[in-house]
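Thanks for coming, everyone. Please bring up the model on your screens, and we can walk through it together.

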Amino acid sequence: MTTIERPAYKVIGSRPVRPDGVEKVTGKAQYAADPRPQGVVFGKILRSPHAHARIVSIDTSEAERHPGVLGIVTAADFPQAEDKVQDLGEGAVNLRELSDNILASEKVLYRGHAIAAVAAASPHEAEAAAQKIRVEYEVLTPVTNVLDAMREDAPLLNETRHTKMMGGQHSERPSNIAAYNQFKAGDADAGLAESDLVVEREFTTSMVHQGYIEPQSSTASWNADGTITIWTSTQGAFVVRAQVAEVLRIPVARIKVIPMEIGGGFGGKIPIYLDPVAALLSKKSGRPVKLSMNRTEVFEGTGPTSGTVISVKAGAKDGKLHAVQATLRYEAGAYPGSPVGAGAMTMLAPYDLEHVEIHTFDVVVNKPKTSAYRAPGSPAAAFAMESVVDELARTLKIDPLQFRLNSASKEGTKQVTGVPFARIGNEEVLNTAMTHPHYTAPIEGPYRGRGVASGYWFNGGMQSSVVVAVNPDGTVNLVEGSTDIGGTRASLAMQLAETLSIPYDAIRPIVADTDSIGHNDVTGGSRTTVASGMAVYQAGQDVIREMSSRAARLWSVTPEDVSYEDGVFHCLKDSTKELTFKELAAQGARTGGPIAGRASLVARGAGGAFGTHIVDVEVDPGTGKTTILRYTAVQDVGTAIHPSYVEGQIQGGVVQGIGWALNEEFVYDENGRMLNSSFLDYRMPTALDVPLIDAVIVEVPNPGHPYGVRGVGEVPIVPPLAAIANAVADATGHRFTQLPLSPRRLIEELDGGD
Amino acid sequence: MSKHHVITRINGEQVEFLTDPGTSLLSALRDQLGLTGSKEGCNNGNCGACNVVLNGELVNSCCVLAVEINGAELTTIEGVADGDNLHPLQQSFINDAALQCGICTPGFIVAAKALLEREPDADEARIRHWLAGNLCRCTGYDKIVQAVLDAAPEMRAAARA
Ligand code: FES
Ligand code: FES
């Protein structure tokens with residue numbers, strides 16, 4: 001661990017066990033599909049077999065007569081949604097499109113698009129009845145590839161959509177290009193012309209899925225008093241509540257979302273799919289309704305991340321990156337909203353260069369509407385940029401990490417948006433990587449190679465709200481509203497323990513339902529440990545202020561005459577008077593009632609973070625298989641609250657990146673049908689496919705956070721795609737520009753030459 | 001459809017229930033018997049989240065029919081701890097931070113226990129091989145493999161005692 005400058009913490013940096021551990025290792029923890037309210041019945045969704053079709057008619061009469069059927073819902077049951085955009089934290093949605101994505105009204109835009117839903121006494125009856133719904137389609141030609149969709153003669157997903165350009169103008173012709181944008185600094189043409197070396201390449205990545213192991217499931221009860229209770233697993237219970245309220249046009253306060261434990265999300269469990277449908281089925285059937293997806297529905301009917309085509313032309317001058325021109329084309333899926341903007345804003349973050357010109361296209365295609373996936377938009381852009389940087393460095397015979405150091409961004413460097421960086425740890429990360437034993441070890445043998453790449457993610461701030469209640473025995477309840485997706489109960493309780501100078505074990509963190517705590521934005525954007533951590537810090541300060549005034553009352557002095565240090569309140573006027581946190585906690589009733597602190601905030605100053613990865617591979621030229629021999633991920637995390645969970649985030653992100661680089665892709669036939677919608681055919685890495693991932697923590701504290709925390713979870717998925725492609729280039733002498741680097745692609749390209 | 005009568009032992013207790021011939025063991029455990037610790041990730045044998053031990057063999061309960069367990073002996077994640085005493089694997093998973101979201105954890109623990117009970121000296125390569133039927137999307141497997149290695153000595157000691 002490389003630590004730059006850090007105060008002596010007592011709890012932060014230690015590795016206590018998580019509060020929800022026992023429940024989770026014994027199988028008692030309740031996840032989305034687990035709750036079974038009294039009288040629950042089961043729903044099933046009917047989905048489109050076509051990738052692109054107009055819905056002529058839907059006839060539910062036969063299904064309604066099917067034995068056991070208790071209710072059927074179609075888009076006609078939704079109130080007309082407003083044509084307005086709502087921010088959901090990681091990504092914004094147009095509410096009409098959200099509603100149409102949940103149940104299609106006029107057109108189906110991808111295979112798997114939901115059309116209707118049935119509730120019945122058993123899952124089997126619901127499924128059988130759903131098959132009896134008659135839908136008449138006018139089948140249209142699908143377009144499933146970003147370049148095809150951009151052509152002027154492409155079939156249009158929406159005949160009334162015009163390209164939204166910069167400055168709010170729209171294109172004259174309707175188009176599948178939903179939005180065009182550009183970023184400019186300096187003069188890229190001139191910069192390229194004066195470069196010593198220019199490399200130009202085009203890169204392609206496939207649509208990939210978050211691959212969370214828990215399929216979506218929602219149970220809803222439309223209660224007799226008109227309130228709705230929803231049990232679901234989500235990255236943001238409040239965002240579910242807000243979306244359901246908008247789609248069903250009912251007041252937010254009438255909806256209660258009970259967040260169940262969540263079996264992975266990675267961005268994919270921010271949008272809603274099932275919740276309002278389950279609620280309407282419950283209204284019709286008079287029973288609580290459970291609606292669950294199977295794995296095929298997850299692949300075909302939820303939001304993966306974009307396939308992309310990215311062109312990069314980059315020039316180096318005096319051993320540094322000098323000028324870049326890039327065009328990013330991202331598939332948005334069925335409705336606009338790909339993360340292409342984030343791709344543009346992150347791809348050059350590791351560099352300080354003068355001349356930049358980036359064009360971005362957000363393009364609709366007949367595939368599922370994309371949603372966030374870990375550092376959305378950044379991995380594909382980094383794959384392109386970091387491959388070109390590697391080629392520049394190698395051609396110039398400069399060590400690729402040295403080349404990055406020569407060009408490294410630092411505090412004050414202007415980003416492509418024009419905003420300068422605050423204190424960042426890019427150089428510290430690069431230096432740590434350069435001197436790491438992995439990088440200095442030789443790599444030998446035929447078809448073996450080493451690659452490196454860097455990556456950046458902004459990290460989110462947004463809204464958090466917490467309440468801290470001090471109990472008379474000195475224990476503390478920490479009530480928060482952020483989904484705990486991988487250990488944030490622990491990381492927040494640790495920050496509170498640090499703030500209050502009390503033992504970690506004295507704190508009981510609770511993730512509350514939406515009736516029981518103020519609004520919290522999603523767990524996404526690597527924001528929870530950062531932003532809810534800030535809220536926890538402020539609420540802790542609030543508790544100390546309150547308790548100081550209680551002590552002052554007991555000692556008949558003013559609160560300014562009370563100090564708090566190491567868990568003990570001292571009277572500055574009389575050094576014989578002191579009370580421990582626990583002793584004073586017991587005095588609540590005598591000094592003015594229960595002691596509590598709270599904080600609600602919009603977090604600012606969530607600092608961005610960098611990672612640099614080193615990977616060794618071996619390519620088997622006979623089978624085309626790439627084996628990862630060794631992997632080291634260096635990352636600036638600001639301050640590691642719980643180093644084990646920090647390492648775990650990094651290791652998990654890297655392995656998802658390895659899957660993206662080597663195997664994962666949505667495979668479509670010409671009719672827009674996904675051919676590999678199972679875990680057998682959509683091949684995610686297993687324990688056998690990966691080595692130990694060495695996570696190297698660098699700590700350059702974030703000046704915007706009381707404990708210096710930076711978001712951790714997303715950065716590690718950014719570098720692996722390029723790092724592995726660069727290693728394969730080193731091993732084979734061939735530059736691959738298309739992902740995944742599947743055995744078939746390797747053999748074809750190696751045999752065929754370039 | 002006529003129901004079938006099943007009598008079986010689950011986690012040491014005799015259990016009787018009626019089931020349709022087409023119902024999977026996973027569905028019977030979760031929907032009829034209230035044992036929701038076994039998870040559904042894929043329902044077709046490719047993720048291991050539903051792992052249980054049936055007559056001493058590790059199986060994916062989504063790929064077994066409920067009627068097949070008539071007369072059998074079954075252990076699920078709910079039967080791994082001894083009352084309030086966690087199994088060494090459960091303890092090491094917690095200590096080593098081997099779970100993030102935790103949805104895969106019951107399957108990994110049931111699978112790892114089945115391995116260490118027959119091969120108490122399994123090394124890292126063997127553990128990775130054995131656990132290749134269990135998918136985890138959060139951890140990158142590193143800490144899971146470590147937790148299994150860390151639990152092994154205690155299990156060996158318990159086996160000798
Ligand atoms: S649910 Fe049984 S193997 Fe995935
Ligand atoms: S801990 Fe989330 S899938 Fe393994």
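One term before we start. A residue is called buried if 20 or more other C-beta atoms lie within 10 Å of its own. Keep in mind that this is a predicted model.

Now take helix 3 of chain B. Of its 14 residues, 10 are buried, so this helix is largely enclosed by the rest of the structure. The buried ones are B:T105, B:P106, B:G107, B:F108, B:I109, B:V110, B:A111, B:A112, B:K113 and B:L116. What do they pack against? In chain B, the partners are strand 3 (51-54), strand 4 (57-60), helix 2, helix 4 and helix 5. Chain A adds helix 1 (21-25). As for length, helix 3 of chain B reaches 20 Å from its first C-alpha to its last. That is close to the 20 Å expected at 1.5 Å a residue.

On to where the chains meet. Here 42 residues of chain B are in contact with 43 residues of chain A. Which elements of chain B give two or more residues to that side? They are helix 2 (88-95), helix 3 (105-118), helix 4 (124-130) and helix 5 (142-160). Helix 2 of chain B gives the most, with four residues. By class, the chain B side has 21 nonpolar, 14 polar and seven charged residues.

Next, helix 19 of chain A. This helix has 13 residues and spans 18 Å from first C-alpha to last, close to the 18 Å expected. Because 11 of the 13 residues are buried, helix 19 of chain A is largely enclosed by the rest of the structure. Among the buried residues are A:P720, A:L721, A:I724, A:N726, A:V728 and A:D730. The buried residues pack against helix 11, strand 21 (448-457), strand 29 (609-619), strand 30 (626-636) and helix 18 (643-662), each in chain A. Right after helix 19 of chain A comes A:G733, with a positive phi near 75°.

Let's look at one of those partners, helix 11. Two packed helices are described by the angle between their axes and the distance between the axes. For helix 11 (residues 378-395) and helix 19 (residues 720-732) of chain A, the angle is about 35° and the axes are 7 Å apart. Their crossing is right-handed. Helix 11 of chain A brings A:P379, A:A382, A:F383, A:E386, A:S387 and A:D390 to the contact. Helix 19 of chain A brings A:L721, A:A722, A:A725 and A:N726. The contact residues divide into six nonpolar, two polar and two charged.

Now a second pair in chain A. The axes of helix 15 (residues 488-500) and helix 16 (residues 528-555) come within 9 Å and cross at roughly 35°. This crossing of helix 15 and helix 16 of chain A is right-handed. Including A:L492 and A:L496 from helix 15 and A:V536 and A:Y537 from helix 16, the contact divides into seven nonpolar, 10 polar and no charged residues.

What about the core? In soluble globular proteins, nonpolar side chains tend to be buried together. In this model the largest nonpolar core has 284 residues. The ones with the most contacts inside it are A:V118, A:V277, A:V363, A:L478 and A:I724. We met A:I724 as a buried residue of helix 19 of chain A. Beyond its sequence neighbours within four places, A:V277 is in contact with A:V73, A:I102, A:L103, A:A117 and A:L291.

A:V118 turns up again as a contact of A:A126. A:A126 lies in helix 4 (residues 123-130) of chain A. Buried or exposed? A:A126 is buried, with 28 other C-beta atoms within 10 Å. Beyond sequence neighbours within four places, its other contacts are A:F42, A:G43, A:K44, A:A119 and A:A120.

Last, some backbone points. A cis peptide bond joins A:L739 and A:P740, with omega about -5°. A:P740 sits in the loop between helix 19 and helix 20 (743-752) of chain A. A:K397 is not a glycine, yet its phi is positive, about 55°. A:K397 belongs to the loop between helix 11 and helix 12 (400-406) of chain A, and it is exposed, with 6 other C-beta atoms within 10 Å. B:N11 also has a positive phi, near 50°. B:N11 is in the loop between strand 1 (4-10) and strand 2 (13-19) of chain B, and it is partly exposed, with 16 other C-beta atoms within 10 Å.

Methods
Residues are numbered from 1 along each chain as its sequence is written. Chains are lettered from A and ligands numbered from 1 in the order in which they are written. This is a predicted model: local features need pLDDT of at least 70, side-chain atom pairs count only at pLDDT 80 or more; totals for chains, interfaces and linings use all residues. A nonpolar core is a set of buried Ala, Val, Leu, Ile, Met, Phe, Trp, Tyr and Cys residues joined through C-beta atoms within 7 Å. A residue is buried if 20 or more other C-beta atoms lie within 10 Å of its own, exposed if 12 or fewer, and partly exposed in between; C-beta atoms are placed from the backbone. Two residues are in contact if their C-beta atoms, placed from the backbone, lie within 7 Å. Axes are lines fitted to C-alpha atoms, for helices over the stretch in contact, and angles run from 0 to 180 degrees between N-to-C directions. A crossing is left-handed if the near helix is turned anticlockwise from the far one by less than a right angle, and right-handed if clockwise. Ala, Val, Leu, Ile, Met, Phe, Trp, Tyr, Cys and Pro count as nonpolar, Asp, Glu, Lys and Arg as charged, and the others, Gly among them, as polar. The expected span of a helix is 1.5 Å times one less than its number of residues.
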